Every structure is written in C-alpha cells, then in structure tokens.
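Reader: I should like to learn how features of this kind of structure are to be read. Please begin with the side-chain contacts.

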Amino acid sequence: MPIGEGLKIFKNGYINLKEALNKIENLKSIKNKEKSVASYYKLENSKGKVGIITPMSCSFCSECNRIRMTSNGKVKLCLHSSEELDINKYLNNENEFTNLIEKYIYEKPEKHKLIENKKSDTKRNMNQIGG
C-alpha cells in the first residue's frame, strides 16, 4: 500500500493483485467463515489458505468496521486519513469516552482516497497506526 515506507516501493512496483491472482492456475477463491476485508484463496490440494487485502484494486471501505487508537491517544477513523481525533482528556471519564467513541463511529468516512491520490493521506507508518 502507498503508506509510509511502502510509498517508496509503490511508486515503481505497484502490481494489481487481482490481475496477478487470475494468472495462477488452480487457485480458487474460497468463502471465509469469519467477517474479513481479505479475500481468501486456496490452491488445489494445499493444506492452507491465503488471505489478501487489496485496497487499491478492490476498495473494501464499505465493509470496514475498524477505527484505530494510536499510542498517544488519537483516534483514526480511517487508516489512510491524516485526521486524528484527540481523546486524551476523556480517558478518565467512562461516560464521556463512550459517548465520544460512539459519535466518532458515526463520523467514519465512506471511503479512503488511495485510488484518487495514489497515496495515503496519513503521515504515519503502518506500525505507528496498528494497521
């Protein structure tokens, strides 16, 4: 993904995974029992399955059910947004904290801007977000 260190690789090495996967013989798309943004695949006679997340070639925003909290008390409603909401002053008040998180969930954006911008809006690396 074009985020953090991945942006350097993305600029010269983007591969549409959906197209690449279609070229692999005997690779079958399988249904996963768990709710996930990943698409799952299995090779005939293999023991395991592989889950692949493809935010560029197949946006899954409408299925995303996550918000993230950074280690310094900021809430990110979208992994790729630069917007961070400060919750530090509410951490000692359970009622206010709960109401604030509920409010933020309703404000979660419909989709990211990766495809239009060709990069993530966030200035953080994935390991700083928990992505």
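Author: Let us start with one pair: Glu107 forms a salt bridge with Lys103, and their closest N and O atoms are 2.7 Å apart. The general idea is that a salt bridge requires a side-chain nitrogen of Lys or Arg within 4 Å of a carboxyl oxygen of Asp or Glu. This is a predicted model, in which local features need pLDDT of at least 70 and side-chain atom pairs count only at pLDDT 80 or more, while totals for chains, interfaces and linings use all residues. Side-chain values use heavy atoms, with hydrogens and water left out, and residues are numbered from 1 along each chain as its sequence is written.

Reader: Are Glu107 and Lys103 buried or exposed?

Author: In general, buried means under 20% relative accessible area, exposed means over 50%, and partly exposed lies in between (1.4 Å probe, protein chains only). Glu107 has 39% relative accessibility and so counts as partly exposed; Lys103, at 43%, is also partly exposed.

Reader: How many salt bridges does a search of the whole structure find?

Author: The search finds three. In another of them, Lys74 and Asp86 meet through their side chains, at 3.7 Å from N to O. This pair links distant parts of the chain, twelve residues apart, with Lys74 in strand β5 (residues 74-76) and Asp86 in strand β6 (residues 85-86). Here strands (E, at least two residues) and helices (H or I, at least four) are DSSP runs, numbered from the N terminus. Asp86 is partly exposed, because its relative accessibility is 39%.

Reader: Which residue forms a salt bridge with Glu84?

Author: The partner is Lys76, with 3.7 Å between the closest N and O atoms. Glu84 has a relative accessible area of 27% and is therefore partly exposed, whereas Lys76 is buried, at 1% relative accessibility.

Reader: How should the open sheet be read, and in what order do its strands stand?

Author: Two strands pair if DSSP finds at least two bridges between them. In this model, three strands form the open sheet in the order β1-β2-β3, with antiparallel pairing. β1 (27-30) and β3 (50-52) are at the edges with a single partner strand each, so one side of each has no neighbour in the sheet. Strand β2 (residues 39-43) is joined to β3 by three bridges, and Tyr41 stands opposite Val50 in β3.

Reader: Where does Met126 lie?

Author: Met126 lies in helix α5 (residues 126-129). The C-alpha atoms of Met126 and Ile3 are separated by 7.1 Å, although these residues are 123 residues apart along the chain. Met126 is partly exposed, because its relative accessibility is 25%.
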